[in-house]
Amino acid sequence: MNIPLHKTAAEMAYIKAGARSKPALAKAGWIEAGREAALRSFSAHGLPNRRVEEWKWTDLRRFLSEAYPPGLAPAMDRRVVEAALAPLPFATVECRRLIFIDGHFAPQCSDALTLDGVEFHALRDVRADPPSWAREVLDHGFAPYDRDVIDELNTLFVGDGALIRIARETEIAPPIHLAFVNSGVSARSVAVRNVVALGEGARAAIIETHSGREATDCRPYLASCVTETVLGRRARLDHVKLQADNHDAIHLSNRHFALQAESVLRDVTLGMGAKLARNQVFLKYCGEEAGADIAGACLLNGKQHCDTTIVVNHDAAECRTREVFKYVMEDAARGVFQGRIMVAPHAQGTDAKQQSHGLLLSGRAEFDAKPELEIFADNVACGHGATAGALDEEQLFYLHARGIPQTQAKSLLIAAFVNDVFATLGDETMRQALAARVQGWLTGSGDGGDG
Amino acid sequence: MSAMLEITNLHVEVEGKPILKGIDLAVKAGEVHAIMGPNGSGKSTLAYVLAGKAGYEVTEGSIAFKGRDLAEMEAHERAALGMFLALQYPVEIPGVTLMTLLKTALDAQHKQRGRDALSTPDFIRLVRGKAGELGISDEMLKRSVNVGFSGGEKKRAEILQMSVLEPSLCVLDETDSGLDIDALKIVAEGVNTLSTRQRAVIVITHYQRLLNHIVPDRVHVLSGGEIARSGGRDLALELERSGYEIYRKETARMKAGVEERS
């Protein structure tokens with residue numbers, strides 16, 4: 001681990017702010033030990049730079065050259081709420097909503113507080129004494145590395161979050177929409193911490209969206225979101241994440257998953273916002289015959305930088321992993337995919353496949369992919385494939401010769417390349433909503449398009 | 001009446017290499033022309049240059065289609081003007097269904113011609129009707145274009161696109177290659193249905209077998225980038241008996257002659 005001799009001004013500012021940040025979650029006794037540890041570790045190591053292997057393509061220290069002061073809870077008056085909700089993604093998809101404005105729960109516009117079979121708490125309401133099921137998850141965590149800087153920063157500055165528990169053998173419909181809306185105008189850092197726990201045999205769909213206004217008076221912000229998800233035996237979770245943060249924002253995300261036996265996760269991420277996005281997924285199989293489809297698409301232009309880092313730990317036998325990630329990069333955008341699959345000696349019968357594909361629409365765009373398979377069991381089927389390339393000239397000519405103009409032909413091919421990653425989702429409306437966002441991006445309306 | 005397609009002294013280079021060396025060809029509405037010739041004679045190049053593929057550079061001569069000079073027109077504009085090329089090797093497009101391709105192409109052409117798009121129900125009725133005649137199932141319409149299609153299915157899908165788009169000039173590049181006799185008949189019937197007094201067809205083929213089903217008015221033998229001979233339908237039958245050897249020799253002799261003189 002690299003320990004810089006000199007700390008940057010931003011690092012010093014975070015350390016100071018971290019030491020001062022107790023009031024953010026007053027009386028949060030349960031988190032104090034974690035916060036002390038995070039502050040010690042962050043003070044010692046600071047922000048990772050490109051000499052740290054896991055961050056070699058995403059130099060966080062360079063991106064975070066300025067410190068974003070911890071954001072204050074917004075006033076939540078009618079004007080703030082209305083402004084925040086105007087561009088709410090997936091407004092047309094039927095779901096129950098839990099809305100967070102600038103990292104703080106907004107009960108007045110949320111309608112998923114009292115669903116049968118769902119226990120929900122805003123983290124700030126139970127900060128003195130979270131329910132034991134949430135505390136158990138929050139206290140243990142399951143990061144695979146000695147330290148993780150996103151977990152650390154989040155722990156230092158966390159203000160609120162969603163604690164969701166789905167009762168055993170319960171099916172929740174329609175989906176629960178966790179909407180993180182960033183509508184403030186000042187430079188700020190926003191940190192939310194969520195826990196999602198599905199009991200044995202529970203079934204649910206969760207939509208998670210991150211959006212930010214693009215108005216000219218909006219200053220850049222740093223949003224960090226850490227979610228710990230536990231799937232009990234035979235539980236099934238469909239999870240869709242849309243990251244459409246402001247184009248000057250920094251989005252840091254950690255999602256930890258623990259899957260018990262025979263549980264099934266289908267996870268799809270569409271990333272299109274932020275100047276820097278780092279999406280980390282840490283998944284561990286804790287019981288046999290569980291499975292996870294983890295898919296994602298990134299649509300990047302300008303100087304956007306999007307990094308997906310996934311570590312899947314096969315710590316139980318007969319589990320199945322499918323990873324498919326597709327990146328579309330225009331201009332000088334850069335896509336990074338790092339996928340590690342670890343197979344423990346006792347994880348016999350593991351079936352894991354990983355694919356990452358980059359579509360480069362400009363000579364200045366860059367795609368970096370690092371597949372890593374660490375296999376210690378002998379009876380496994382593991383594979384990976386990574387490609388990077390431009391649009392196929394023969395396909396373009398074919399469409400062109402049928403009367404389809406060049407830009408439209410390109411859009412058709414790009415949409416076909418991307419939309420394939422949504423195929424694992426069972427819900428047709430959700431697939432269409434995601435495809436509509438892709439179409440919006442292609443036609444240049446960017447994040448405006450709602451689906 | 002002036003010809004629908006008027007090719008005059010056409011010279012074409014691909015990657016700096018001359019392929020077509022002075023083609024003259026006039027095709028009128030209602031006519032079926034066959035272009036035959038040995039491999040490497042420039043048949044596919046002629047097809048691509050008509051459709052407007054990048055990399056096929058006209059260095060001399062001209063192509064006029066419906067009175068318009070094609071030189072400055074992009075491929076999609078030529079298509080909207082009524083040009084259709086059925087490819088020898090139809091391209092696979094994963095993620096784009098045949099139905100989507102048909103709808104997008106038809107709408108794009110209508111838009112360029114200033115016409116309103118068909119409503120979705122009208123469009124589906126149109127496609128189902130034409131697909132049925134070609135033995136193309138609903139299931140196939142929902143599959144990605146040419147992905148996992150057999151050779152015959154690919155060619156039938158090309159003819160379906162042609163019959164939905166209703167072009168004025170149909171250029172069929174080796175549409176018979178890789179087809180069994182039943183598939184060949186279906187394809188030929190599809191073309192014959194389209195072949196009306198308002199339309200013209202150019203059939204590019206190595207063998208005369210397809211010409212038993214699509215009967216040409218004129219047959220041209222392309223060799224070494226030039227039209228070595230033109231004639232009626234009988235020429236195709238003659239080629240069937242004698243092969244292309246004689247034209248290869250002729251071309252070689254002509255080339256030698258040119259070199260001697262220069």
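1. Buried residues, meaning those with 20 or more other C-beta atoms within 10 Å of their own (exposed means 12 or fewer, partly exposed in between, with C-beta atoms placed from the backbone), make up 43% of the 262 residues in chain B. This is a predicted model, in which local features need pLDDT of at least 70 and side-chain atom pairs count only at pLDDT 80 or more, while totals for chains, interfaces and linings use all residues. Residues are numbered from 1 along each chain as its sequence is written, and chains are lettered from A and ligands numbered from 1 in the order in which they are written.

2. On the overall form of chain B, the radius of gyration, taken over C-alpha atoms, is 19 Å, which agrees with the value near 18 Å that a compact globule of 262 residues would have; the globule rule is 2.2 Å times the number of residues to the power 0.38. The C-alpha trace of chain B spans about 65 × 40 × 40 Å along its principal axes. Of the contacts in chain B with a separation of 6 or more, 71% are accounted for by residues 24 or more positions apart, a contact being two residues whose C-beta atoms, placed from the backbone, lie within 7 Å.

3. Chain B has nine helices and 12 strands, where helices (H or I, at least four residues) and strands (E, at least two) are DSSP runs numbered from the N terminus. Six of the strands form an open sheet with mixed pairing, in the order E6-E9-E10-E3-E11-E12 (chain B); two strands pair if DSSP finds at least two bridges between them. The edge strands, each pairing on one side only, are E6 (83-86) and E12 (226-231) of chain B. Neighbouring strands of this sheet are turned by 20° against each other on average, direction ignored, with axes given by lines fitted to C-alpha atoms (for helices over the stretch in contact) and angles running from 0 to 180 degrees between N-to-C directions.

4. At one edge of that sheet, E6(B) runs parallel to E9(B) and is joined to it by four bridges, with Met83(B) standing opposite Leu169(B) in E9(B). Met83(B) and Leu85(B) point one way from E6(B), Phe84(B) and Ala86(B) point the other way, and all are buried. At the other edge, strand E11 (residues 218-223) of chain B and E12(B) run antiparallel and are joined by five bridges, and Val219(B) has Gly231(B) in E12(B) as its bridge partner. Helix H6 (residues 151-165) of chain B packs on the sheet, where it touches E6 and E9 (169-173) of chain B, and its direction makes about 170° with that of E6(B).

5. In chain A, strand E7 (residues 203-212) is largely enclosed by the rest of the structure, because nine of its 10 residues are buried. Strand E5 (residues 176-182) of chain A runs parallel to E7(A) and is joined to it by seven bridges, with Phe180(A) opposite His210(A) in E7(A). E7(A) also pairs in the parallel sense with strand E9 (residues 236-244) of chain A over nine bridges, and there Val240(A) is the bridge partner of Ile207(A).

6. The contact between the chains takes 16 residues from chain A and 20 residues from chain B. On the side of chain A that touches chain B, helix H7 (393-401) and helix H8 (406-419) of chain A each supply at least two residues, and H7(A) gives the largest share, six residues.

7. The largest nonpolar core (buried Ala, Val, Leu, Ile, Met, Phe, Trp, Tyr and Cys residues joined through C-beta atoms within 7 Å) has 205 residues, and those with the most contacts inside it are Val328(A), Leu85(B) and Val171(B). Leaving aside neighbours within four places in sequence, Val328(A) is in contact with residues including Cys298(A), Leu359(A), Ile414(A) and Phe417(A).

8. Some backbone details merit a check by eye. A cis peptide bond, with omega about -5°, joins Ala173(A) and Pro174(A), and Pro174(A) has its place in the loop between strand E4 (162-166) and E5 of chain A. Asp102(A), although not a glycine, has a positive phi of about 45°, and this residue is buried, with 26 other C-beta atoms within 10 Å. Glu15(B) is likewise not a glycine and has a positive phi of about 50°, but Glu15(B) is exposed, with 8 other C-beta atoms within 10 Å.
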